Amino acid sequence: MSAIIAYIGHQEAYPILMTGLKRLEFRGYDSTGIAIKDDKLKILKTKGKISELEAMAQGEDLKGHIGIGHIRWATHGEPNTENAHPHLSHSKNIALIHNGIIENYASLRAELQSRGYTFRSDTDTEVLVNLIEDIQKNEFVDLFDAVRIALNQVVGAYAIVVMSEEDPDCLIAARKGGSLLIGVANGEYFIASDPTSIIGYTKNVVYLDDEEVACIRLNHDLILRTIRNQEKTPYMETLEANLSVLEKGGYEHFMLKEIFEQPNSIHDSMRGRLHPELGVVSLGGILQYEQKILNASRIIMMGCGTSWHACLVGEYLFEDIARIPVEVEYASEFRYRNPIITENDVIIAISQSGETADTLAAMELAKKKGATILGICNVVGSSIARMSHAGSYTHAGPEIGIASTKAFTAQVVILILMALRMAQLKGTLTKMRLMEIITELSIIPDKVEKTLQKSEQTITIATEFKDSRNFLYLGRGYNFPVALEGALKLKEISYIHAEGYPAAEIKHGPIALIDKDMPVVILATNKGTYEKILSNIQEVKARKGRIIAIVNEGDTEVYKLADYVIEVPDTEEVLSPLLTTIPLQLLAYHIAVLRGCNVDQPRNLSKSVTVE
Ligand code: G6P
């Protein structure tokens, strides 16, 4: 949840730490801090934004070639300066930054208190730094071993970086559950929880695995061990990203940029996988698991937030196109309800960040029970990607805006490709039908582009409804998950209460809410159930609800009933979420802007939820 950056090398650490932290600030944080070591350890931390830390740093001597930096999203203890990281040990010799939760912190804290330790903060992190100090003092070991031994006593998740006054040329980093990578350049190292922080410094990275501890020493090779003291060989990978992906490129917000990137991101997700000329789909990442999927007793798709909505689209796709039964699970529920899992089950875990704690834990549980785990992730090398047996990356490019947009459509693209591939192998679609869908999918980026031209029209609607207190979103079939996603977008960034519902279900409750003040967004592009949708629109109309309808180009019936109509190009129904999602993203965006909300960084939310 929080984010980490650290540096050791020949450059000044301060600007590197600040650049790394600023690149992640858009993801939502509440306090921040740095520690830099020159002749002595200097710490600066504050509640609030990085600009406040920068203001504090004015006039301070922050020279030094080794340092750690952190931005926090509060879990244990409110967001204030005391609870901000880095945390110092009792003697003030050791400084530590931490991302994750130490679950047994209360018992560790009580034990340390009984030995005379006092605590300045309410955090679980301060317990860990004191535990390390206690071990170093009593067992006469170096910092590397002290961290290692301490982590054997810890229950929970962590990505940490530790520095010490007594060993000035060394950083110790470790992870379990959270992500942590070490960028390696000539004699210098960049440690980060997110690759975004180190783009532009080096492309050579080592991802730490669970329960690995790294000793990073100036001008020395990296040393890796497990917390049980087994030697490990660092495995160097290449980071594929450049600085331009971190800029807004002329857009007012990252979210708007990312909405408008969708023709490209959708295209990138299909590149090399869709072959319209042959009428086939290939997904290299899951090639070896295709038979497993075909023979699976069932497929369980799981995720959180927007990714969970993608799972719902996946359920419709797999059952409709490939005739494979699918269950969709909130990862957070699945992990705690003693689920029945067998070796014949295939799990498809979906996550933009690849770091969502609940999704990771649910996957781990299913893996232990013998299931095959496939991942659909956007971040290459992320924890979820690494925990999966196989999978497909979405290739949407870094998503900075907290509200997920291009990652969602890219996830849907991968699910469409997977379902089509299974249909191809199982023969559940005729060659002709497969060819029709594949051909249509190949031109969908152009149709997304055309749909984006509706942005101006959504501003008019946004202006009309920006002061509404509630919204209903209705859809059927493939448009039901889209309705949920549209409602989620609006509540995330505009703080207007919004609910998504299957259109036919409104009779069982939500219809009681409809009056002249209730805007109702209705997705009406379905072909098979068009008449049914018209009836649902009539039901809303009869109660004087204000109807904003998403229709196919050329629609005439809905026009007669709706207050506002947004047209999207006609397409295959199985592909329609890729188009109907777009106006809902734009509507949420423009309403939030008109309400003066912080679109890229909505209150209380984080881009990557690495705590449960
Ligand atoms: C957070 C983000 C959402 C995201 C969800 C799941 O709540 O704010 O945008 O959908 O986490 O994240 P994931 O990275 O697993 O897709």
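Reader: Ground rule first: helices are DSSP runs of H or I with at least four residues, strands are runs of E with at least two, and both are numbered from the N terminus. Which element gives the largest share of the shell around the ligand?

Author: Helix α9, with three residues. Keep in mind that this is a predicted model.

Reader: Noted. Which residues come nearest to the ligand?

Author: There are 14 residues around the ligand. S307, S351, Q352, S353 and T356 come nearest.

Reader: Which polar distances can I look up? Start with the side chain of S307.

Author: An N or O atom in the S307 side chain sits 2.5 Å from a ligand oxygen. For S353, the distance from a side-chain N or O atom to a ligand oxygen is 2.6 Å. Q352 uses its backbone: a polar atom there is 2.7 Å from an oxygen of the ligand.

Reader: How much of the ligand does the protein bury?

Author: The protein buries 91% of the 390 Å² that the ligand exposes when taken alone.

Reader: Back to α9. What does that helix pack on?

Author: On a sheet. Helix α9 spans residues 305-322 and touches β18 (298-303), β19 and β20 (345-351). Its direction makes about 175° with that of β19.

Reader: What's the strand order in that sheet?

Author: β19-β18-β20-β21-β22. The sheet is open, has five strands and pairs in the parallel sense. At the edges are β19 (326-330) and β22 (390-393), each pairing on one side only. From one strand to the next, the twist averages 20°.

Reader: How many bridges between β21 and β22?

Author: Four, in the parallel sense, with β21 covering residues 372-377. G375 stands opposite G391 of β22.

Reader: Which strands does α13 lie across?

Author: Helix α13, residues 406-426, lies across β18, β20, β21 and β22. It runs at about 155° to β20.

Reader: Switching to the other five-strand sheet. What's the order there?

Author: β24-β23-β25-β26-β27, an open sheet with parallel pairing. The edge strands are β24 and β27 (564-568), and each pairs on one side only. The twist averages 20° from strand to strand.

Reader: And what packs on it?

Author: Helix α17, residues 479-494, touches β23, β24 and β25. The helix direction makes about 175° with that of β24.

Reader: How is β23 paired? Bridges to β24, please.

Author: Six bridges join β23 to β24 (residues 497-502), and the two run parallel. One bridge pair is N470 with H497. On β25 (residues 519-523), β23 has three bridges, again in the parallel sense. There Y473 is the bridge partner of V521.

Reader: Is β23 mostly covered or exposed?

Author: Mostly covered. Strand β23 spans residues 470-475, and five of its six residues are buried.

Reader: New topic. Why call α5 largely enclosed?

Author: Because nine of the ten residues in α5 (residues 143-152) are buried. They run from L143 to L151 and include D145 and R148. Cover includes the helix α4 (124-139) and the strands β6 (94-102), β7 (156-164), β8 (167-176), β12 (212-217) and β13 (223-226).

Reader: What about T458, buried or exposed?

Author: Buried, since its relative accessible area is 0% and the cut-off for buried is under 20%. T458 lies in helix α16, residues 455-465. Leaving out residues up to four places away in sequence, T458 touches I566, P583, L586, L587 and H590.

Reader: Backbone oddities now. Which peptide bond is cis?

Author: The one from H85 to P86, with omega near 0°. P86 sits in the loop between β4 and β5 (87-88).

Reader: What's the phi of Y495?

Author: Near 65°, a positive value in a residue that is not glycine. Y495 is in the loop between α17 and β24, and at 26% relative accessible area it is partly exposed. N604 also has a positive phi, about 65°, although it is not a glycine. N604 lies in the segment after α20 (577-594) and is exposed, at 64% relative accessibility.

Reader: Last one. Where is E60?

Author: In the loop between α2 (50-57) and β4 (66-72). E60 counts as partly exposed, at 45% relative accessibility. E60 and E103 are 43 residues apart in sequence and 36 Å apart, C-alpha to C-alpha.

Definitions and conventions. Residues numbered from 1 in each chain as written. Predicted model: local features only at pLDDT ≥ 70, side-chain atom pairs only at ≥ 80, totals over all residues. Heavy atoms only, no water. Pairing = 2+ DSSP bridges. Axes fitted to C-alpha atoms, helices over the stretch in contact; angles between N-to-C directions. Contact = heavy atoms within 4.5 Å. Buried < 20%, exposed > 50% of the residue type's maximum accessible area, 1.4 Å probe, protein only. Near = heavy atom within 4 Å. Polar contact = N/O pair within 3.5 Å; in protein donor to acceptor, adjacent residues only side chain to side chain. Areas by Shrake-Rupley, 256 points an atom, 1.4 Å probe, with all protein chains shown as cover.
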